[in-house]
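Visitor: I have the sequence and the fold open side by side, and I would like to talk through the interior and a few loops. Could you walk me through them?

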Amino acid sequence: MRKKDGLDGMPKEMIPKVKTVLKEGGMFSLPLLIIVIMLVMGYSPMRAALFAIASVIVVAAFKAATRLSFGTMFKALDLGARAALETAIACASAGFIIGVISMTGIGLQFSSMILAISGDSLFITLLLTMVASLLLGLGLPTVAAYIVQVPLTIPALVQLGVEPMAAHLFVFYFAILSAITPPVALASFAASGIANTNPLQTSLVALRLGIAGFIVPFMFVYGPSLIWIGTPGEVVITLTTALVGVFALSAAIEGWWLRGTYWYERIALFVAAIMLVVPDFLVSLAGFAIFAIVFVLQKWVMPKKNHSEHQYNEAL
């Protein structure tokens with residue numbers, strides 16, 4: 001819901017009760033639980049998915065309203081196979097690419113080239129890896145985009161001392177973000193078709209709304225405690241500052257928090273967001289203080305603003 005645009009959610013009386021929803025459909029959480037348990041036990045994803053699919057049929061049979069006939073099951077299998085074709089073809093193509101990379105040694109050369117251009121600077125290497133991940137991910141499903149980039153970009157990051165998990169998540173995040181990055185932006189173009197809007201404008205709006213996603217991967221590298229690598233105290237502090245920082249960045253970009261923000265509040269929120277994501281306790285503490293000051297301004301000092309005149313800046 002975006003209060004900034006005057007959009008309201010469903011009336012409270014139309015929202016179903018949690019107890020009712022769980023009573024009627026809570027049993028369908030069992031397949032998801034089976035997948036998680038089997039993966040934790042070490043079973044392959046394929047076997048876990050197979051047992052989860054079988055459990056859906058069993059669980060659905062307990063109620064007449066959800067019971068599946070043979071015709072319905074056949075139709076579901078047909079739709080599932082058709083939906084999997086695109087991903088299967090993309091993954092097969094990615095397999096060919098990975099085979100060529102491993103046989104020719106292009107992966108090592110690509111990593112060496114990144115390191116040579118960056119002069120072994122971690123920040124420049126991360127920027128080059130980000131660009132490469134976005135370009136290689138254009139037009140590919142997320143999984144395929146990630147698989148293609150594993151032998152190309154991750155070795156360069158690991159060689160500079162980046163935690164392997166942080167390096168993989170860095171590339172994986174940008175493989176996801178390639179779906180909303182112009183000029184291809186497959187997810188944005190699909191959304192524009194549903195909403196009957198301009199594709200490029202939709203992709204630019206998606207890029208603005210997802211701007212925090214371009215910063216979070218850098219937080220994984222510079223503050224690995226965000227991915228639970230470190231002491232419990234470091235993990236808690238990093239998670240807290242990261243959440244507040246992402247919230248502040250979103251408020252700065254959208255020009256809205258408790259009310260429409262003035263230009264100086266947006267600047268303050270943006271500065272606070274940057275300081276909160278920096279992996280330094282004192283800097284993060286200063287950022288939190290700026291964040292708190294803006295909250296006080298919005299809540300008590302200047303709680304009202306004339307939204308009808310659209311005084312807040314939409315430039316960002």
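## Inside the model

Guide: The model is a predicted one, and about 50 Å³ of space lies in its largest cavity.

Visitor: How many cavities of 30 Å³ or more are there?

Guide: The structure holds 1 cavity of 30 Å³ or more.

Visitor: And what lines the largest cavity?

Guide: The lining residues are Ala212, Ile215, Val216, Met219, Gly245, Val246, Leu249, Ala273, Ile274 and Val277. By class, that makes 9 nonpolar residues and 1 polar one, with no charged residues in the lining. At least two lining residues come from each of helix 11 (216-222), helix 12 (232-254) and helix 13 (263-277).

Visitor: Okay, moving to packing: which residues have the most contacts inside the largest nonpolar core?

Guide: Those are Phe170 and Phe174, in a core of 24 residues. Helix 6, helix 7, helix 8 (164-177) and helix 11 each supply at least two residues of this core, and helix 8 gives the most, with 6 residues.

Visitor: What does Phe170 touch, leaving out residues up to four places away in sequence?

Guide: With those set aside, Phe170 is in contact with Leu126, Thr129, Met130, Leu157, Pro217, Phe218 and Val221. There is also a second, separate core of 15 residues, which includes Ala248, Ile253, Ala268 and Ala273; Ala273 appears in the lining of the largest cavity as well.

Visitor: I keep looking at Thr153. Is Thr153 buried or exposed?

Guide: Thr153, which sits in helix 7 (residues 142-159), counts as buried because its relative accessible area is 0%, under the 20% cut-off. Not counting residues up to four places away in sequence, Thr153 touches Phe110, Ile114, Thr129, Ala132 and Val171, and Thr129 is also among the contacts of Phe170.

Visitor: Switching to the loops, which residue between helix 5 and helix 6 should I look at?

Guide: Asp120 is found in that loop, between helix 5 (106-118) and helix 6 (122-137), and it has a positive phi of about 60° although it is not a glycine. Most residues other than glycine have a negative phi. Asp120 counts as exposed because its relative accessibility is 52%, over the 50% cut-off.

Visitor: And what about Asn196, where is that one?

Guide: Asn196 lies in the loop between helix 9 (186-195) and helix 10 (199-209). Asn196 also has a positive phi of about 60° without being a glycine, and at 71% relative accessibility it counts as exposed.

How values were computed: Residues numbered from 1 in each chain as written. Predicted model: local features only at pLDDT ≥ 70, side-chain atom pairs only at ≥ 80, totals over all residues. Heavy atoms only, no water. Helix = DSSP H or I, 4+ residues; strand = E, 2+ residues; numbered from the N terminus. Buried < 20%, exposed > 50% of the residue type's maximum accessible area, 1.4 Å probe, protein only. Contact = heavy atoms within 4.5 Å. 1 Å grid on protein atoms, 1.4 Å probe; cavity = no way out; pocket = protein on both sides within 12 Å on 5 of 7 lines; lining within 4 Å. Points joined across faces, edges and corners; volume = space filled by probe spheres on them. Nonpolar A, V, L, I, M, F, W, Y, C, P; charged D, E, K, R; others polar. Core = buried A, V, L, I, M, F, W, Y, C linked by side-chain atoms within 4.5 Å.
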